[in-house]
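Open the model in your viewer and keep the selection tool at hand. The stops below go from a sheet to a helix pair and then to the ligand.

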Amino acid sequence: MMSKTATFIGMPPFPIAAKKALADSQLRGNIRNATHTIRTKRARVCAELDDFEQLRQAGADIKDDVLRNLGRYLEQVEESLTAAGATVHWARDAAEANQIVVDIARRHRVDEVVKVKSMATQEIELNTALEAAGIAAWETDLAELIVQLGNDLPSHILVPAIHRNRSEVREIFLREMGKVGMPAEADLSDEPAELAGAARRHLREKFLRAKVAVSGANFLVAETGTLVVVESEGNGRMCLTLPEVLISVVGIEKIVPAWTDLEVFLQLLPRSATGERMNPYTSTWTGVAPGDGPQEVHVVLLDNGRTQVLADQVGRQALRCIRCSACINVCPVYERTGGHAYGSVYPGPIGAILTPMLRGVGLDEQTDALPFASSLCGACYEVCPVLINIPEVLVHLREKVVDSHRGGVPGALQAAMTGASWTLAGSRRLAMLQRFAGLSGRMFGRRGLIGRMPAPLSRWTDARDLPAPPRESFRGWWARTDGGRRDAASPSGNTRNIGDKE
Ligand code: SF4
């Protein structure tokens, strides 16, 4: 059975979830502070590089080469990894990937694993699958730990707990840490250094105890089979080196052909993600090194809809994504709603295109709403380090969503478009509509705006004001003034030449 789990089950569609989020001023404040800090840093460090635009182009070109020749690179990856002593597994979907990880953990008779933050394992809901098999999965990234202890959902690719402020984090630590391991000190303050210290002590006993670790990877180098993880806290390095068994779940688009390509991405990623010149921790591992680190390494190559995205000529550029989250941090929609409203592990602009393509459109209302969760302002495209034209893909997906609902009983949008098409096709019908619009502007308009229209048009004015139509249409003015040859201001229509001095 195919299983794709890129959305949070049971979440309402974006317009409903966004309305709720917009009413939460604390959430809006937390998100605004955090995204503005990161985006300012990003802009500063990106501007330092004279060749940043060339780097972006190089990043896009390398990824496009991989996507064009994915079959060949995947074979090379399998050969390199096997030669380095790793075991390669192929997973068509979330269910297959989860089963592979559960089977390996069971074979080693463990009831817990440690995890370094991984979007791929969130996408397939690995923690839920492990829990169902009686295996606890401990998140070791600080923000992921906050989300897990708070029984919460991630709301940002890079900073999953971005919606929490530090006093909320302190409360979660005090309340929850003791239930699953070393408790936080009773006098814990909300100082970031103290919070990090509490997390470090809580996690250390788990690192030292765990036999099996699960990771994702930022890049997978085809020529050597080397996996690369970049992170800021050092937890990734602990996960990748201390346990006896390492399982890495990697999307098939994470391949780069050669080590030299990392030169491009290791400049683009930290600058775009956290506004840093380089990552604090960059870990690389190539299969098994006898007597050093995990002695059993498994790599699960995950499709889960990616080949479906690859088949979409416009949408496939989304597979270039290096999950830096720069598009999220500049998005005016995300800034106001936060990540939960998207109902997807991939929120913001990248989520609005990637999730519908991974899952397929026309299947459920929640996914179909995502391509419309954008103002199409283009800020995401301006900052994307691998030049993904997100607005172009959004428009393309909107078309696909509309097409998928053609036939059967027309929806409100389709009925409105059919009506508009009929009206615009006849000049007398259009003139009538313009007269009516001028009248409605006089009835409902206040200071040039209509704040509330009667149903069903209220669906538009519920969320935004409508500019009031002018009292007189252009066609009316043209007829009354003979194309401007008669004095427009004069009700009698005195004749005057255009350009005559007053
Ligand atoms: S779409 Fe571009 S900006 Fe957004 S997360 Fe991916 S790489 Fe970063």
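**Stop one: the sheet**

Select Lys115, which stands opposite Val214 in E4. The model is predicted, so to speak of local features pLDDT must be at least 70, and side-chain atom pairs count only at pLDDT 80 or more, while totals for chains, interfaces and linings use all residues. Residues are numbered from 1 along each chain as its sequence is written, and side-chain values use heavy atoms, with hydrogens and water left out.

Now show strands E2 (residues 112–115) and E4 (residues 212–215), which run parallel and are joined by two bridges. Strands (E, at least two residues) and helices (H or I, at least four) are DSSP runs numbered from the N terminus; two strands pair if DSSP finds at least two bridges between them.

Widen the selection to the open sheet of six strands, in the order E1-E10-E7-E4-E2-E3 with parallel pairing. E1 (87–91) and E3 (136–139) are at the edges with a single partner strand each, so one side of each lacks a neighbour in the sheet.

**Stop two: a helix pair**

Select H16 (residues 348–359) and H19 (residues 390–404), which pack at about 40° with their axes 10 Å apart. Axes are lines fitted to C-alpha atoms, for helices over the stretch in contact, and angles run from 0 to 180 degrees between N-to-C directions.

**Stop three: the ligand**

Which residues are closest to the ligand? Among the 13 that surround the ligand, they are Cys321, Cys324, Ser325, Cys327 and Cys384; a residue is near if one of its heavy atoms lies within 4 Å.
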